[in-house]
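Got your viewer open? Keep the selection box handy, and we'll take the tour one stop at a time.

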Amino acid sequence: MEMTPTEFELLTKKLFEEEINRKFGEKIIIDHQKVFKTNDGYTYKTDLSFKILVGGLEYLNIIECKYWNDFVGRNVINSVQSMIADLKA
């Protein structure tokens with residue numbers, strides 16, 4: 001049975017939460033389809049995102065899930081790179 005993109009995102013969320021919580025020893029919730037708005041007015045919706053506090057610094061992490069039958073194109077990679085830069089993730 002084939003998975004939908006949303007099912008793939010939710011499976012990835014579950015696996016990452018289990019691994020992160022095991023490694024950090026605390027409950028970290030990963031958000032699904034969270035919308036961020038930058039100071040410049042741009043809006044981004046991430047597949048998955050979470051924040052962690054390490055050494056007194058907060059880090060925003062985003063995960064873009066691509067469940068495709070082909071390679072991810074350069075335009076998608078550039079778009080994700082722009083989102084990372086704009087969100088300071």
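Contact, on this tour, means heavy atoms within 4.5 Å. Before you click, know that this is a predicted model: local features need pLDDT of at least 70, side-chain atom pairs count only at pLDDT 80 or more, and totals for chains, interfaces and linings use all residues. Residues are numbered from 1 along each chain as its sequence is written, and side-chain values use heavy atoms, with hydrogens and water left out.

**Stop 1: the whole chain**

Show the protein chain as a cartoon. You should find 2 helices and 5 strands, running α-β-β-β-β-β-α along the sequence. Helices here (H or I, at least four residues) and strands (E, at least two) are DSSP runs, numbered from the N terminus. The C-alpha atoms fill a box of roughly 40 × 40 × 20 Å along the principal axes. Of the 89 residues, 28% count as buried; buried means under 20% relative accessible area, exposed over 50%, and partly exposed in between (1.4 Å probe, protein chains only).

**Stop 2: the sheet**

Select strands 1, 4 and 5. They make an open sheet in the order 1-4-5, with antiparallel pairing. Strands pair if DSSP finds at least two bridges between them. Strand 1 (31-32) and strand 5 (57-63) are the edges: each has a single partner strand, so one side of each has no neighbour in the sheet.

Now zoom in on strands 4 and 5, which are paired antiparallel over 7 bridges. They form a hairpin with 2 residues between them, and glycine 55 in the turn has a positive phi of about 60 degrees. Two cross-strand pairs to label: lysine 51 sits opposite leucine 60 in strand 5, and leucine 48 has isoleucine 63 of strand 5 as its bridge partner.

**Stop 3: the largest core**

Which residues make up the largest nonpolar core? Select Ile20, Ile28, Ile30, Leu48, Phe50, Ile52, Ile63 and Cys65, 8 residues in all. Strand 4 (residues 48-54) gives the most to this core, with 3 residues. A nonpolar core is a set of buried Ala, Val, Leu, Ile, Met, Phe, Trp, Tyr and Cys residues joined through side-chain atoms within 4.5 Å. In soluble globular proteins, nonpolar side chains tend to be buried together.

Keep leucine 48 selected and show what surrounds it. Leaving aside neighbours within four places in sequence, its contacts include Glu9, Lys13, Ile30, His32 and Ile63.

**Stop 4: lysine 13**

Is lysine 13 buried or exposed? Lysine 13, in helix 1 (residues 5-24), is buried, because its relative accessible area is 16%. Beyond neighbours within four places in sequence, lysine 13 touches Ile30, His32 and Leu48.

**Stop 5: phenylalanine 36**

Jump to strand 2 (residues 35-37), where you'll find phenylalanine 36. Its relative accessibility is 13%, so phenylalanine 36 counts as buried. Outside four places in sequence, phenylalanine 36 is in contact with Tyr42, Thr43, Tyr44, Thr46, Ser49, Leu60 and Leu87. Try a distance label to leucine 87: the two are 51 residues apart in sequence, yet 7.8 Å apart in space, C-alpha to C-alpha.

**Last stop: charges**

Color by charge to finish. There are 12 positive and 14 negative side chains, and the centres of the two sets lie 4 Å apart. Lys and Arg count as positive, Asp and Glu as negative, with His and the chain ends not counted; each charge is placed at NZ of Lys, CZ of Arg, CG of Asp or CD of Glu.
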